[in-house]
Amino acid sequence: MNRTPRRYARRLRKQIGGADTPPFMLVMNDRYSGAALEAVGRWLFRYRSELAPIVLGLWVGLAGLVLHSTHPGVWPLIAVGAVVLSGAVLKGWLLRRLDRFEERLYAAVTACAAGGWLASATALGGGRFQLSWLLLVGTLAAAVPWWTHRRRRARVAVDRTIRAWPDVAESIGLVGSHVVSAAVDLWGWRARVGLRRGQTVADALSRVPAIESGLGTRPGAVRVTPDESRADRFTLRVLDRDPHAEPIPWTGPSVASICDPIELGVYEDASPVRVSLLRRHALIGGIAGSGKSGVLNVILANLVACPDVVLWGIDLKGGMELQPWAACLDRLATMPREAAALLRDGVRVLDGRAGALSRRGLRVWEPSEADPALVFVVDEYAELAEEAGDALAHADSIARRGRAVAETLLAATQRPTQQAMGRKAVRSQMDVRVCLRVRERRDVDLVLGQGMLAAGWAAHMLDAPGKFLLSAPGADAPQRARAYLVGDADVHATVERYGPSRTPLDPLSLSATRPVVTPDEDSDVIDAELVDADDSAPPQGPEAVLLNALNDAPPQGRSVAGLMRATGMGRTWVYDRLQEYATAGRVVQVSRGRWRAHQGGDSAAAMTG
Ligand SMILES: Nc1ncnc2c1ncn2[C@@H]1O[C@H](COP(=O)(O)OP(=O)(O)OP(=O)(O)O)[C@@H](O)[C@H]1O
């Protein structure tokens, strides 16, 4: 039977009738006043945000009265405190979450005015007619912007949405789901939503456009992320505006060692995206123009600031992307044969280091300035498979065995299909995945791994270059992020700053790249070794340029970076030659990183052979 409250009331009245009821009525009165008080309390709590300026005004007034009667002499202290407080708020040292200047200005002016009034009231007495009026007018003046404030209104909107959620849930097919908690944040609001038994996060993920329609948001405003601790809950995020609408400029390196996690960009909640590359390989995938080279630039711009890293680059797009970094790269391959040789040397370094470790009874290569990590940066990995197929076997070796010896492979490619990555296990070895915009839904799984699309990693919905999803140890949620934008001027300035002081490869690794040559090794190595061994032959090509540059060097010598630029060769090559000439007494090191020909009488003649 459906018993309405009115029926109950009627029955109650009948029961009470004309009988003697005073004690009963007395109890009812108590309950009534308790309920009324509770209702007032609930109302005050509900509107606590709106009432905040009035409560503050009352507190300030009360404090003025008390201080005037107990400590009237403290008013200068209060005045100075108010000014200092306002300054700190304005500067952003206090109330840091106030991200806009107008908000900080409002808080600073309010603090200053309240402090000024309190100081006056302490000195003169808050009960004075003019001061009381001033407090009233000031409180109302401060309350108006507060009541009309964006975030406060957003909170009201969230409250309304939460109340309306059962209807929305019914219309979008999530009947029975409920909002567990909600909060307004910088760009909108977020809520934890509980699902009815049997519903899953996948149900919510597949209904994102319906949720947007149900809530009346703009398209693309809703994010659904699984709750790591509960399968029957998810986080619903509604963004009033896109926090990543504008490019985010890079502000400089965030690390000084490869052991530190690198800051790639920022998530939508403004927290930084950090990822460690030590003993990890990374795959960066996305369609053309999605910002893969941009992400590589952020990584390079950080790694060049690490003295415990040596960088080798492969850019088979003719060096278009990596050439600007050449002065910071120990080696750069822009041709397929060079790429294959570079990766082959990478494997030799790997073997050399592994041998040295086992001789020393160690398991891992700890990167330091003397024993740096070796990072391979490959832009457009698919070109490698197409043009330097034999290089893939070396890349595979590095991917499988490189971790212990601090060799890291970073590969960017548009679609990491088996054809693009080769048949080997390179892709499966990459535990850091950066997925930029992909064209087709199935490409999400291709870049991030099987099942990631179904788990909510919707990289096909990313809508601007540099926006990405990161999957890495410690980054398990599909949170949208945007990479910092490293502009050409940033690259130039970074190379100028760090190029001259880049760390060379350690002697052990260097010697591993120059093995004893046996006749059945491939011919280009033999040729190189023969040219190196033939001291009597006049130097050709870059070597001649190097020698001439050293001959013509000013008294303070030439920098290694300058010699690299002049010869077009990598750091290792230049250092190698310099060591050879120094051993032969042909060149001298004038100061750290600066060289010139020996100043002895016949040195110039000896050098040019
Ligand atoms: N983080 C970013 N923020 C804003 N714009 C970016 C960002 N990264 C890249 N871009 C812009 O997007 C464009 C394409 O970037 P980029 O060359 O890195 O893409 P790509 O994926 O490497 O392309 P391709 O595969 O053709 O080489 C560039 O003009 C660049 O200015």
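This passage describes the overall make-up of a predicted model and then several of its local features.

The protein contains 22 helices and 18 strands, and 36% of its 609 residues are buried. Of the contacts between residues at least 6 apart in sequence, 67% join residues that are at least 24 apart.

In the N-terminal to C-terminal numbering of the helices, H4 (75–91) and H5 (101–124) are separated by a loop that holds Leu95. The two helices pack at an angle of about 180 degrees, and their axes lie 8 Å apart; H4 is therefore roughly antiparallel to H5, since angles over 145 degrees are counted in this way. On the H4 side, the residues that meet H5 include Trp75, Ile78, Ala79, Val83 and Leu90, while those contributed by H5 include Arg104, Leu105, Cys112, Leu118 and Ala123. Glycine occurs among the meeting residues of both helices, with Gly81 in H4 and Gly115 and Gly116 in H5. Within the connecting loop, Leu95 is partly exposed, because 15 other C-beta atoms lie within 10 Å of its own and a buried residue would need 20 or more. Apart from residues up to four places away in sequence, Leu95 touches Val89 and Ala107, two residues that also take part in the packing of H4 against H5. The C-alpha atoms of Leu95 and Ala107 are separated by 8.8 Å, the two residues being twelve apart along the chain.

An open sheet is formed by four strands in the order S1-S2-S4-S3, with antiparallel pairing. Strand S1 (178–185) and strand S3 (222–227) occupy the edges and have a single partner strand each, so that one side of each is left without a neighbour in the sheet. From one strand to the next, the twist averages 20 degrees. The antiparallel strands S1 and S2 (residues 188–194) are joined by seven bridges, and His178 stands opposite Gly194 in S2. Helix H7 (residues 150–172) packs on this sheet and touches both S1 and S2, its direction making about 170 degrees with that of S1.

A further set of features concerns the loop between strand S8 (282–285) and helix H10 (292–303), in which Gly286 lies. An unreviewed UniProt entry lists Gly286, Ile287, Ala288, Gly289, Ser290, Gly291, Lys292 and Ser293 under "binding site". Gly286 is buried, because 28 other C-beta atoms lie within 10 Å, against the 20 or more that burial requires. Leaving aside neighbours within four places in sequence, Gly286 is in contact with Gly291 and Lys292, and also with Gln414, Cys435, Leu436, Arg437 and Val438. Ile287, which is placed in the loop between S8 and H10 as well, counts as partly exposed, because its 19 C-beta neighbours inside 10 Å fall short of the 20 needed for burial. With residues up to four places away in sequence again set aside, Ile287 touches Gln414, Arg437, Val438 and Arg439. Gln414, Arg437 and Val438 are thus contacts of Gly286 and of Ile287.

Positive phi values were found at several positions. Most residues other than glycine have a negative phi. Arg279, which is not a glycine, nevertheless has a positive phi of about 60 degrees; its place is in the loop between strand S7 (272–275) and S8, and it counts as partly exposed, with 19 C-beta neighbours inside 10 Å. Ala406, likewise a residue other than glycine, has a positive phi near 60 degrees. Ala406 is placed in the loop between helix H13 (391–401) and strand S12 (407–413) and is buried, with 25 other C-beta atoms within 10 Å.

Helix H20 (residues 560–567) is followed by Gly568, whose phi is positive, near 75 degrees. The buried residues of H20 are Val560, Ala561, Leu563, Met564 and Thr567. These residues lie on the same side of H20, because they cover an arc of only 160 degrees around the axis. Such an arrangement may be read against the general geometry of the α-helix, which has 3.6 residues a turn, so that residues three or four places apart point the same way.

Methods. Residues numbered from 1 in each chain as written. Predicted model: local features only at pLDDT ≥ 70, side-chain atom pairs only at ≥ 80, totals over all residues. UniProt positions renumbered as here; feature names shortened; annotations may be inferred. Buried ≥ 20, exposed ≤ 12 C-beta atoms within 10 Å, placed from the backbone. Contact = placed C-beta atoms within 7 Å. Arc of directions from axis to C-beta. Pairing = 2+ DSSP bridges. Axes fitted to C-alpha atoms, helices over the stretch in contact; angles between N-to-C directions. Parallel < 35°, antiparallel > 145°, perpendicular 65-115°, else oblique.
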